[in-house]
Amino acid sequence: MVRRNDQRRAALVDAAIEVLAREGARGLTFRAVDAEAAVPAGTASNYFGSRDDVLTQAGARVYERLQPDEATVARQRAAGRDRETYAELMRELVSRVAAFRTGYLALLELRLEATRRPGLRKVLTERVRADVEANVAYHEESGLPGDATAVKLLMLALNWLIVEQLTLPEVFTEAERDQLVAAAVERIVTAE
């Protein structure tokens, strides 16, 4: 029987994210999740039917936690519609994702694990594809310069910049990171 206490489930999924980021997919066990969440042994197994279930829910939760809050979305919608504004939005995005270091590292672990688990690969593929489509749709509605290809190219470039920032933070300073974001927008997004 799978339990339905949504707060406890969220705490367990958040604990799973921390375990994934720190120990990798191989270290993700029900026991490790219980210990990270500081709950009695056996609790996670009451909430998740399998390890794959924990992996899948952890991936979904990372995306949920990476969403901007309403104030950020409102500020973005009220901003200008030029490349300079676009660069500032991208800097904010990189900073927001980098601030949730364990979530992004857990997501990288999940992507690696997805190469070995077809079910997880299917779920992540659907989620990432939906994320790409949502970003393109938001961009088109926003009136910012550039097209769908520019959005996708920026996503790819900035994702790797985030990986550098989280795994080898001494490669680029914060100032260099900001300059690289601005350069990516300037070179990828055509002026209209």
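Let me start with charge: in this predicted model, the protein chain carries 27 positive and 30 negative side chains, and if you take the centre of each of these two sets, you find that the centres lie 7 Å apart.

Those side chains belong to a chain whose secondary structure is easy to list, since there are 10 helices and 0 strands, and as you read from the N terminus onwards, the elements run α-α-α-α-α-α-α-α-α-α. Taken along the principal axes, the box that the C-alpha atoms fill is roughly 55 × 35 × 30 Å.

Now, how are the contacts spread along the sequence? Looking at contacts in the protein chain with a separation of 6 or more, we see that 67% of them are made by residues 24 or more positions apart.

Turning to the surface, the accessible area of the protein chain comes to about 10800 Å², and carbon and sulfur atoms account for 53% of that area. Of the 192 residues in the chain, 39% are buried.

I would like to finish with a single residue, Ser142, which you can find in helix H8, the element that covers residues 118-142. Is Ser142 buried or exposed? Its relative accessible area is 13%, and because buried means under 20% relative accessible area, Ser142 counts as buried. What does the side chain of Ser142 reach? If you look at the structure above, you can follow that side chain to the backbone oxygen of His139, which it reaches at 2.7 Å.

Key
Residues are numbered from 1 along each chain as its sequence is written. This is a predicted model: local features need pLDDT of at least 70, side-chain atom pairs count only at pLDDT 80 or more; totals for chains, interfaces and linings use all residues. Side-chain values use heavy atoms; hydrogens and water are left out. Helices (H or I, at least four residues) and strands (E, at least two) are DSSP runs, numbered from the N terminus. Buried means under 20% relative accessible area, exposed over 50%, partly exposed in between (1.4 Å probe, protein chains only). Contact means heavy atoms within 4.5 Å. Accessible areas come from the Shrake-Rupley method with a 1.4 Å probe; for residues, only the protein chains shown count as cover. Lys and Arg count as positive and Asp and Glu as negative; His and the chain ends are not counted. The place of a charge is taken as NZ of Lys, CZ of Arg, CG of Asp or CD of Glu. A polar contact is a pair of N or O atoms within 3.5 Å; within protein, one must be able to donate a hydrogen and the other to accept it, and residues adjacent in sequence count only if both atoms are side-chain atoms.
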